[in-house]
Structures are given as C-alpha cells and as structure tokens.
Amino acid sequence: MINKYGQRSIINITDLSVEEIDHLIEVADDIVANPTEYQDICAHKKLATLFFEPSTRTRLSFTSAMMELGGNVLGFDDAGSSSATKGESVADTTIMVGCYADIIAMRHPKEGAPLVAAQKTRVPIINAGDGGHFHPTQTLTDLLTIHRKKGEFGNFTIGFCGDLKFGRTVHSLITALLRYDNIKFVLISPPELKLPDYMKEIMREQGVGFEEYERLEDAMPSLDILYMTRVQKERFFNEEDYIRLRDSYILTLDKLKPAKEDMIIMHPLPRVNEIAIEVDDDPRACYFFQALCGKHIRMALILYLLGLK
Ligand code: NCD
C-alpha cells in the first residue's frame, strides 16, 4: 500500500507484484552468490523491529538480515516494554519511531494494526504478522524456499496440513500462489480447523479447485510439497479445544512412506509436536533451510524498500 505521503509499505503479499517477487528472489540468490557486495550496503541505515507479540524467528531473521547488510537495529520484542502500556496508540508509536529509523518491521496481535500504522508514517512498514491475518515476509520466505527446491511456481500439488483456520502463514501463502498457474491445492485439517470460508470463496472466485481431507495419509501420495503447521494455541478461546486438537497430526517417518521421493516438507516454525524429530534427517525435510531463506529474502526486501536494490 502507498500512503498519503507517497510512502510504500508491505502489509499483504499482494502489495508486491509477481514481477517484484521475481526480482526479490533474484536479489536473494545474488546475496548468497556475492555476499561481500552486500555487507556494507545499509551502513548508517536503521531498522526498527516493533514486536507487540512474541517472535523468535521473524524478529531475529529481520535483525540478522539488517546486520548482514551492515545496518543497525533498534526496537522492542514485547509490548510490555513499550509505551503501549501507558496507553500510546500504535499509530503514535510508529510515527515517533519513524523519526529514529529508516524502515520498520512490525508484528501485532491485532489484525490490521500494521495497516493503520502504515497510513501515518514517512518510512516503510513491513508487516511481520498481524493476528490471524497476514504474514507477507513468511510468504516470501516460503516462495524463495519453493523456488530454490522446485525451480518454479507451478506444476505441483501443495498440501497444507494442520491449523488452516488460524494459521496466517497458510492464508498468506495460498493468496500468493493463487497468482500462478497449474498448482493443485490440498487442504488437510480436522473439521474444527478448516480453512476459513472467505479464503475458500477467493479460491472459488478465481476458479481454483481444492481437495479437502481429514487424514494426512489419504493426501500424502499426491503431494509435491507438504506444508505442516502448528495448532495456533494463542488464538483459541478455550484450552480444552486446544488440547483436544493440538496433536491432530504428527508427521513420522512411517507416515512418510507413501510420499514421493522428491516431496519437500515445509513448516514456518516453531514446531511443537506436529513433526517428529526423526523426520529432521530425512532429505525431504527443509524447514530449517526455509528459516535460512527467510534471512536472504528479508535482506532483499529491506534493500528494495530502501531503494538500494
Ligand atoms: C509463524 C507465525 O508467526 O505465524 N511463525 C513464523 O513466522 N515463523 C507460524 C507459527 O507461529 O505457527
């Protein structure tokens, strides 16, 4: 989105065109090929990480991305240590931080908070996850992982498994993949955690079909990509439901037996119980590689939004 000052921010993955995503992927690959060319490119630039909700990977990957570009990082990782506790609005916090930093990455438990903030600032805001809504940089991470492992966006069947109701990474990635051709979508979840109707409606409107399963075993043989997710405990209204559903799927080596040899297993992490540790050594497991891709693509995005690449 672009605000009244002409400032661009990334709130949803659709704020980036398919061509821009291709460009970011190229830059991410160039960063790996020519790291020294990038090590000082953000010297004297500052990234603020405003995390009103806990995060390890996303915050640290933004921090590490900016450090590898030679820039500096400031911010907070807990709303309790910000002036939000004094009653300051998110918009005010962001305008103020825009006086101290060149770019802001924001995570917030409330859907829409980064969008509200982005309307008021003179520096780019990157949505680092807003409630159950969007998570565009995880989607860029996922796209880079798919590109590096599969070589193209198309001609594959992707299965999303677990908490498809609250999982924002699932909603964002499906939204992104809808812009490409020849992708088959398979949705695997317990009935209580199905993909929200509004997402299914978007798929139907675009003429994109999908299959739904309750048992992972039934879907496994057809998949080229298996995207596992954690049951999102923090978005449940009662603990009993969470406890009943949290172990709906546990991927083991045994369950992988009918899977394709070249299927890739993705997970945005953190994993709780949904992938057994024994799977980590299977060549199809690529969730830690995915975390590495997250740093490269965030480096590319920071450079792009700062007009440096
Ligand atoms: C995801 C998130 O925050 O939505 N994690 C991440 O960004 N790496 C997935 C999750 O928390 O389950």
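In which loop does aspartate 282 lie? Aspartate 282 is placed in the loop between strand 9 (264-266) and helix 11 (287-305), where helices (H or I, at least four residues) and strands (E, at least two) are DSSP runs numbered from the N terminus. The structure is a predicted model, in which local features need pLDDT of at least 70 and side-chain atom pairs count only at pLDDT 80 or more, while totals for chains, interfaces and linings use all residues. Residues are numbered from 1 along each chain as its sequence is written, and side-chain values use heavy atoms, with hydrogens and water left out.

Aspartate 282 is buried, its relative accessible area being 12%; here buried means under 20% relative accessible area, exposed over 50%, and partly exposed in between, with a 1.4 Å probe and protein chains only. A polar atom of the side chain of aspartate 282 lies 2.8 Å from the backbone nitrogen of arginine 284. A polar contact is a pair of N or O atoms within 3.5 Å; within protein, one must be able to donate a hydrogen and the other to accept it, and residues adjacent in sequence count only if both atoms are side-chain atoms. Arginine 284 is itself found in the loop between strand 9 and helix 11, and with a relative accessible area of 14% arginine 284 is buried. A polar atom of the side chain of arginine 284 is in turn 3.1 Å from the backbone oxygen of lysine 260.

The loop between strand 9 and helix 11 also holds leucine 269 and proline 270. These two residues are joined by a cis peptide bond, with omega about 5°. Leucine 269 has a positive phi of about 65°, although this residue is not a glycine, and leucine 269 is buried at a relative accessible area of 13%.

Leucine 269 and proline 270 both belong to the set of residues around the ligand, which also comprises Arg57, Thr58, Arg107, His135, Gln138, Arg168, Thr169, Arg230, Gln232 and Pro268; a residue is near a molecule or strand if one of its heavy atoms lies within 4 Å of it. By class, this shell has three nonpolar, five polar and four charged residues, where Ala, Val, Leu, Ile, Met, Phe, Trp, Tyr, Cys and Pro count as nonpolar, Asp, Glu, Lys and Arg as charged, and the others, Gly among them, as polar.

Polar side-chain atoms approach the ligand from several of these residues. For arginine 230, such an atom lies 2.8 Å from an oxygen atom of the ligand, and for arginine 107 the corresponding distance to a ligand oxygen atom is 3.2 Å. Glutamine 138 places a polar side-chain atom 3.3 Å from a nitrogen atom of the ligand. Taken alone the ligand exposes 310 Å², and the protein buries 94% of that, with accessible areas taken from the Shrake-Rupley method with a 1.4 Å probe and, for residues, only the protein chains shown counted as cover. Helix 2 (57-68) and helix 6 (168-177) are the elements that give two or more residues to the shell around the ligand.

Other loops present residues with higher accessibility values, described here one by one. Asparagine 155, in the loop between helix 5 (136-150) and strand 5 (156-161), has a phi near 60°, a positive value in a residue other than glycine, and counts as exposed at 52% relative accessibility. Phenylalanine 237, in the loop between strand 8 (225-228) and helix 9 (239-245), is exposed, with a relative accessible area of 83%. The C-alpha atoms of phenylalanine 237 and phenylalanine 52 are 20 Å apart in space, and the two residues are 185 residues apart in sequence. Serine 83 is located in the loop between strand 2 (72-76) and helix 3 (90-98) and counts as partly exposed at 30% relative accessibility. Between the C-alpha atoms of serine 83 and threonine 93, which are 10 residues apart along the chain, the separation is 7.6 Å.

Two further residues lie within regular elements. Leucine 74 is part of strand 2 and is partly exposed at 31% relative accessibility; its C-alpha atom is 12 Å from that of cysteine 99, with the two positions 25 residues apart in sequence numbering. Glutamate 19 belongs to helix 1 (residues 18-33) and is exposed, with a relative accessible area of 58%. The C-alpha atoms of glutamate 19 and aspartate 102 are separated by 25 Å, the two residues being 83 residues apart along the chain.
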